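Work through the exercises below with the sequence and the structure at hand, and try each task before reading its solution.

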Amino acid sequence: MPWPSRKRDKGAVADKKEPDAKIAKTENETSDKEEEEMSAKPPAGSSKSGWKNWKKKESESGGEESKITYCHWLLKSEPESRLEKGVDVKARNFLRSMKLGQQAFFYHSNCKEPGIVALVKIVKEAYPDHTQFDQKDPHYDSTSRKENPKWSMVDVQFVRMTKRFIPLSEIKAHHLAHKADGGPLKDMMLFSRQRLSIQPLTQEEFDFVLSLEEEKPH
């Protein structure tokens with residue numbers, strides 16, 4: 001399904017029969033204030049038991065803490081379409097950094113309860129977004145040239161739904177606790193650069209958030 005350049009897809013993640021998806025180059029205009037209002041303030045320290053359990057599993061499996069490199073992604077999509085103002089070059093650059101086979105969380109934003117609903121993977125790296133050259137398309141950009149296009153898109157493929165919906169409020173609870181005790185989500189970009197529709201994740205951040213699907217909702 002197409003994911004146009006400067007707007008969000010109107011629907012949720014497609015089912016398992018859905019073909020490869022196309023993701024493009026823009027920012028989510030959800031403001032920091034909106035995201036904060038959509039996630040209630042979590043109880044202090046509610047994440048620590050989960051963090052300890054996760055570290056225990058890592059220790060038992062012989063895993064080592066990863067370096068601060070970005071090899072996974074969080075991709076935002078809004079269940080309802082909305083107009084966007086402006087463009088965020090940082091989000092575009094992240095999109096162009098995506099590599100074949102890397103996995104990403106599919107995240108619903110700008111809705112009653114934002115959160116992670118599925119996993120997708122990159123099946124085609126960045127290439128020019130054709131909508132920027134189509135004068136009939138709402139994302140036409142008269143300043144972009146075919147020899148040096150401004151906008152890119154990647155193809156992503158549905159992998160699976162997460163075992164349960166992982167809400168922003170729950171992720172935020174862990175983030176706040178980890179800021180205090182040095183856990184893996186202490187620097188998660190979801191809480192420092194909320195408006196970005198494409199956000200990088202470290203291996204440690206990705207693994208911890210994915211582990212939450214195995215836990216009962218808080």
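Two strands are said to pair if DSSP finds at least two bridges between them. Keep in mind throughout that the model is a predicted one.

**Exercise 1. Find the strands that pair with β2, and state the direction of each pairing.**

Solution. Begin with strand β6 (residues 198–202), which is joined to β2 by five bridges, the two strands running antiparallel. Within this pairing, histidine 72 stands opposite leucine 201 of β6. Next turn to β3, which is also joined to β2 by five bridges, although here the strands run parallel. An example from this second pairing is lysine 76, whose bridge partner in β3 is tyrosine 107. Finally, consider how covered the strand is: six of the eight residues of β2 are buried, and β2 is therefore mostly covered, given that buried means under 20% relative accessible area.

**Exercise 2. Describe the largest nonpolar core and say which elements supply it.**

Solution. The largest nonpolar core has 18 residues, and among those with the most contacts inside it are Trp73, Phe94, Val120 and Ile198. At least two residues of this core come from each of β2 (70–77), α3 (89–97), β3, β4 and β5 (152–167). The element that gives the most is β4, with four residues. A second core, separate from this one, has 17 residues, including Leu74, Tyr107, Leu119 and Leu201. In soluble globular proteins, nonpolar side chains tend to be buried together.

**Exercise 3. Examine the surroundings of glutamate 205, and decide whether this residue has a salt bridge or has none.**

Solution. First locate the residue, which is found in helix α5 (residues 203–211). Glutamate 205 is buried, and the nearest side chain of opposite charge, that of lysine 186, is 7.7 Å away. A salt bridge requires the two charged groups to be within 4 Å, and glutamate 205 has none. A polar atom of the glutamate 205 side chain does, however, lie 2.9 Å from the backbone nitrogen of threonine 202. Leaving aside neighbours within four places in sequence, the residues in contact with glutamate 205 are Pro184, Leu185, Asp187, Met188 and Pro200.

**Exercise 4. Where is asparagine 110 placed, and what is notable about its phi?**

Solution. Asparagine 110 is placed in the loop between β3 (103–108) and β4 (115–128). Its phi is near 55°, a positive value in a residue other than glycine. Most residues other than glycine have a negative phi. As a last step, asparagine 110 counts as partly exposed because its relative accessibility is 24%.

Notes: Residues numbered from 1 in each chain as written. Predicted model: local features only at pLDDT ≥ 70, side-chain atom pairs only at ≥ 80, totals over all residues. Heavy atoms only, no water. Buried < 20%, exposed > 50% of the residue type's maximum accessible area, 1.4 Å probe, protein only. Lys, Arg positive; Asp, Glu negative; His and termini not counted. Polar contact = N/O pair within 3.5 Å; in protein donor to acceptor, adjacent residues only side chain to side chain. Contact = heavy atoms within 4.5 Å. Core = buried A, V, L, I, M, F, W, Y, C linked by side-chain atoms within 4.5 Å.
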